[in-house]
Structure formats: structure tokens, C-alpha cells
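Hi everyone, thanks for coming. Could you pull up the model on your screens? I'll talk you through a pocket and what sits around it.

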Amino acid sequence: VRRQHPLHPYIADFFIASHRLVIELDGAIHVEQRDRDLARDHYLALTYGVSVLRIDAELVERQLHAAITIVRASL
């Protein structure tokens with residue numbers, strides 16, 4: 001798992017190269033930029049052949065085990 005991995009012109013919060021998976025932790029600001037995030041996810045999928053998993057940052061902070069379960073299910 002690579003943290004703050006560059007995928008030009010973006011930086012992924014986390015990247016699991018062996019599974020071609022980008023994990024993004026979304027805080028409250030992401031509610032307002034949903035269209036921008038979707039365009040970014042689409043670009044990463046087309047350009048790098050990755051899947052993007054978005055997880056609410058609050059879930060990670062409050063229920064880490066649940067967030068880990070979501071990541072495992074995606075793998």
C-alpha cells in the first residue's frame with residue numbers, strides 16, 4: 001500500500017498497485033465537489049486502469065474496522 005501516490009496530475013490518498021486500486025478518504029468538502037471527484041475517478045480509470053474506492057473519512061475515524069472491511073471486500 002502506497003500513501004500519497006502520484007498518478008499525474010493527481011495524488012491518490014492510497015494506492016494498492018497489485019490490485020490497481022486507489023483509495024480516497026473523503027472529508028466533508030467532497031460533498032460539494034462530487035462532480036469533480038467523479039471526473040477525477042473517470043480520468044484515473046481511463047488513464048491508469050485503476051478502480052477508485054471512496055471512503056468517508058469520518059467512518060475511518062469512528063469505525064476503522066468497518067472501513068477496513070470495505071477495503072477488503074473491494075480487493
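Quick vocabulary: helices (H or I, at least four residues) and strands (E, at least two) are DSSP runs, numbered from the N terminus. Now, this is a predicted model: local features need pLDDT of at least 70, side-chain atom pairs count only at pLDDT 80 or more, while totals for chains, interfaces and linings use all residues. Residues are numbered from 1 along each chain as its sequence is written, and side-chain values use heavy atoms, with hydrogens and water left out.

So, which helix gives the most to the lining of the second largest pocket? That's H3, with four residues. H3 covers 64-74, and strands S2 (10-16) and S3 (21-26) also supply at least two lining residues each. A pocket, on a 1 Å grid over the protein atoms alone, is an open set of points where a 1.4 Å probe fits, with protein on both sides within 12 Å along at least five of seven lines; lining residues have an atom within 4 Å of a point.

Next, Leu53, which you'll find in strand S4, residues 51-56. Is Leu53 buried or exposed? Its relative accessible area is 13%, so Leu53 is buried, where buried means under 20% and exposed over 50% (1.4 Å probe, protein chains only). Leu21 is 32 residues away in sequence, yet the two C-alphas are 7.2 Å apart. Beyond its neighbours within four places, Leu53 is in contact (heavy atoms within 4.5 Å) with residues including Leu21, Ile70 and Ser74.

And Ile55? Leaving out residues up to four places away in sequence, Ile55 touches Ile23, Val60 and Ala67, among others.
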